[in-house]
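Visitor: Could you walk me through this structure, please? I am new to this.

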Amino acid sequence: MPLLEVENLVVEFPTRRGTLTAVNDISLHIDEGEVLGVVGESGAGKSMTGAAIIGLLEPPGRVASGRILLEGERIDNLPYEKMRRIRGKRIGAIFQDPLTSLNPLYSVGRQLVETIQTHTDLSPTQARARAIELLTEVGIPAPERRVDQYPHQFSGGMRQRVVIALALCVNPRLIIADEPTTALDVSIQAQIIALLKRLCREHGTAVMLVTHDMGVIAETADRVAVMYAGRIAEIGPVREVIKNAKHPYTHGLMGSIPSIGHDSERLEQIPGSMPRLTDIPTGCAFNPRCPHAFDKCRTVRPDLLPIEDSWTACWLYDGEEGRNKEASKKLVAETKADAVLEGNNG
Amino acid sequence: MVAFILRRLIQSLFVMFFVALVSFSMFRFVGDPVNQMVGIETSIAEREALRERLGLNDPFMVQFGRYIGKAATGEFGISYQHKRPVAEMLVERMPATLELALVSAVFSLLLGVPMGVYAGLNRDGFISKVLLSVSLVGISLPTFLIGILLIFFFSVQLNLLPSFGRGGLIDIGLWKTGLLTIDGWKSLIMPSITLGLFQLTLIMRLVRSEMLEVLRTDYIKFARARGLTNRAVHFGHALKNTLVPVITITGLQLGSIIAFAIITETVFQWPGMGQMFLQAVTTVDIPIMAAYLMLIAFFFVVINLIVDLLYYVVDPRLRVDTGKASGHG
Amino acid sequence: MADTNMTSGSGFMDGMRRFFDGDIWYSFTRSPVTMVAAAITFLYFFMAAFGPLVAPHDPFDLASITLLDASLPPAWMEYGDPRFLLGTDIQGRDVLSAIIYGSRVSLLIGFASVILSLILGVGLGLISGFVGGAIDAFIMRVAEIQLSFPSILIALLINGVLRGVIELQNQADLAYAVLILSIGLSNWVQYARTVRGSTMVERNKEYVQAAHVIGIRPVLIMWRHILPNVLGPVLVIATIQLALAIIAEATLSFLGVGLPPTEPSLGTLIRVGNDYLFSGEWWITIFPGAALAILVLAVNLLGDWLRDALNPKLR
């Protein structure tokens, strides 16, 4: 049984001018100890998916349909108090900006201790000892002294280490890391990613790593989901998706990573920008920007289909132009939703 | 931190200096002090002699310097109207005003903060909306009208509370207090509600909007993501972060409560400094007006310094690096 | 140069159009409270403009006032007289008519002092933001100090000083001017601070720099380029200040340093009527009080709505 399963998740935002669908029918799963990367441009719905999983969608956003299961137990419809006990204890979270994630008025020790004491029966002294231990673990020098200092006395990178300590402090099984390095200096980013990767491997913690940085994904993730306009465009093992990208959008994303060695080549760019949630085109949402779009793409929305080792929602791999015509048709008919979860492992 | 406090002290001195200049200019140039002091039958020579004796012929800066020197030792001249030293009159009436201001301030804080927190946490709740609408009505009602309405209901119609004066007073040295008798407290109820209602609505609205602001921040989101209880998130994290702006505004409001007392004291014939100031305005009794202005400025400056010190208690960012502290001017 | 004139001439209209465009009208039609407040405000303006035509009686026409009608309660009460809907005061004046005339006076002074502080505040704000340096520092320091005192205290001080300067026999004639000056001078700070802020932002934008380079006079730049951009916030402040100015006038008149009983504003009416509260003639003071409260509330609601409509973030 996977650690986390998301089935046909739909997240909606009712607004004055109609309901926006920020996440549209997404299914994915994360296994124990696995790192799933979620990439896409801002507004693709990746952060929204993360927020839905920890049950902290900002009102008026809400899960309109679908299910979220943690270790087989449904968590998307839990009452606030039950969900609160899961947050921090079984699912941790790391947010984008370490500068604003910590309460400026309390020492980092106090924030660690209160989190530890919320979820365990440790005494104040034990909790404090654990806090110092955690600071050591995330690589903060002189933790006995630092524990009583305030967030503004830490640098950005150090603060993100504190945030990681906070997310890990009662050993959750899953961490949702939402752009954990975006706000940091490039030189610090690699350190933080390495730290996160090491700690999660040591603790056997699974990670859902939300980012728009393909480079981070390539370095860290086991599998990757590429999101576009609220839907998954392609999902599969990280090597397959990077080396053998199927969806034209993923191709485009790869093109926008600068790689050493090919310095003569121009950095490729995807023309245009992602549609606003208010006017998502019919058919494949990517069709106005897609170099390969044809008539069908403009009218019928593609579903995720297994192509080689990954799953892709693109008509190029179906119908007359498709390579796997027979195989994919059969699979779609047989498996549908469940298959999305199972088949991805391959 | 010492540097910061010093800086604020110098700023305060500048404010006091400026106010002293205004108040001295009033004193010196509005009407002729000599004319106010002597009868019509006084000869021009005698007037000139008096003028010389009072030093009114000295250069402006010399006179101003003398004025400041005297003010610093608590001497504000003689009232034109009452022919008594202004300082003496102010001291006599200060307890009444300070007691009224203090009780109103406590009243508005004790009710305003919890109401604001409630309205911030339940922003779409029915009670919050009622509180908010009522508070708008509260802001729209002029102070004196609130006083009149209270008198109309509780004194005229129900005959429950006294409509004027301070009730029974007890002497503690120089200080005549109304806080030690039941009668005195009964007399305080309506004036302090009248005076405090505006501040109450203001504090409530401020706390509410600050709460809403803070609840949107990342660290509150992160606190929730860590699974902290609602109580810890709301009162431990959110409320504490609203305190800095709330302390600022409340501090300023306390200063203005003392000044706003002018209106309340008039409605309830409360024998305080405000009432005296108003009489001075009607009779153009400049020494009293000038002294009152200085006194209010002094209260204001002191309260501001206290507010600055409170920042240090609340916000650790100010405690360490004085360099950044200037942002909280 | 002709080209610059064209763009800057329409700059003002642009500002106005931007101001009334967009969500503002939409949010107005969606808020019943605001519509009621607007209707009430309009009613008051109408009464103020056409007071003598609308009022059932002329409270200042001594010939039509008789002591026989004195202290009549409102029409619906026992001993009430249908001629006097809201009763009469102790001299036999119709309270409703007095309220209509009084609102006229209150609104007049309110508007005049708002305009005075607006001109003063916007002017000083523009200078402060545009010129900068020592002048800016001085203006802002004074503003800061003035802001730390309640405006009613400032108004009272200015009032006292003005009456010390003016000869006694002229004081009754100049009561209007004294009031407008004391309220107007005590409320300029908000405008100045807001306008200064926006001016500093605008000043550094390229089109202003460009205008500067072509040699357009600073006054012209301020008038044509910067002013239109600060109109929105200024209008919001002015609306809220109108309510405050009406309260200030009423308060000063109530405190006895405003308008004399011969030319009563709402505040004066309340002051005069207050003496009869205890003898049971409550309507002489309560009705003008209610009229004042409703007017201020309506204007405040309009101001609140306007602020939210222009600045959705503040909600």
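Guide: A note on the record comes before its content: UniProt positions are given in the numbering used here, feature names are shortened, and annotations may be inferred rather than shown by experiment. This is a predicted model, in which local features need pLDDT of at least 70, side-chain atom pairs count only at pLDDT 80 or more, and totals for chains, interfaces and linings use all residues. Residues are numbered from 1 along each chain as its sequence is written, and chains are lettered from A and ligands numbered from 1 in the order in which they are written.

Visitor: Where does UniProt place the "transmembrane region" feature in chain B?

Guide: The unreviewed UniProt entry puts it at residues 12-30, 100-121, 130-154, 188-207, 243-268 and 288-314 of chain B.

Visitor: How much of residues 188-207 of chain B is helix?

Guide: That span is 100% helix and 0% strand (helices, H or I of at least four residues, and strands, E of at least two, are DSSP runs numbered from the N terminus), and its end C-alpha atoms lie 26 Å apart. For residues 243-268 of chain B the end C-alpha atoms lie 34 Å apart, with 96% helix and 0% strand.

Visitor: New topic: what does chain B average in pLDDT?

Guide: Chain B averages 81, and 93% of its residues score at least 70, where pLDDT is the predictor's confidence in each residue, from 0 to 100.

Visitor: Which element of chain B has the lowest mean?

Guide: Helix H2 (residues 33-37) of chain B does, at 67, whereas helix H9 (residues 218-225) of chain B has the highest, 89.
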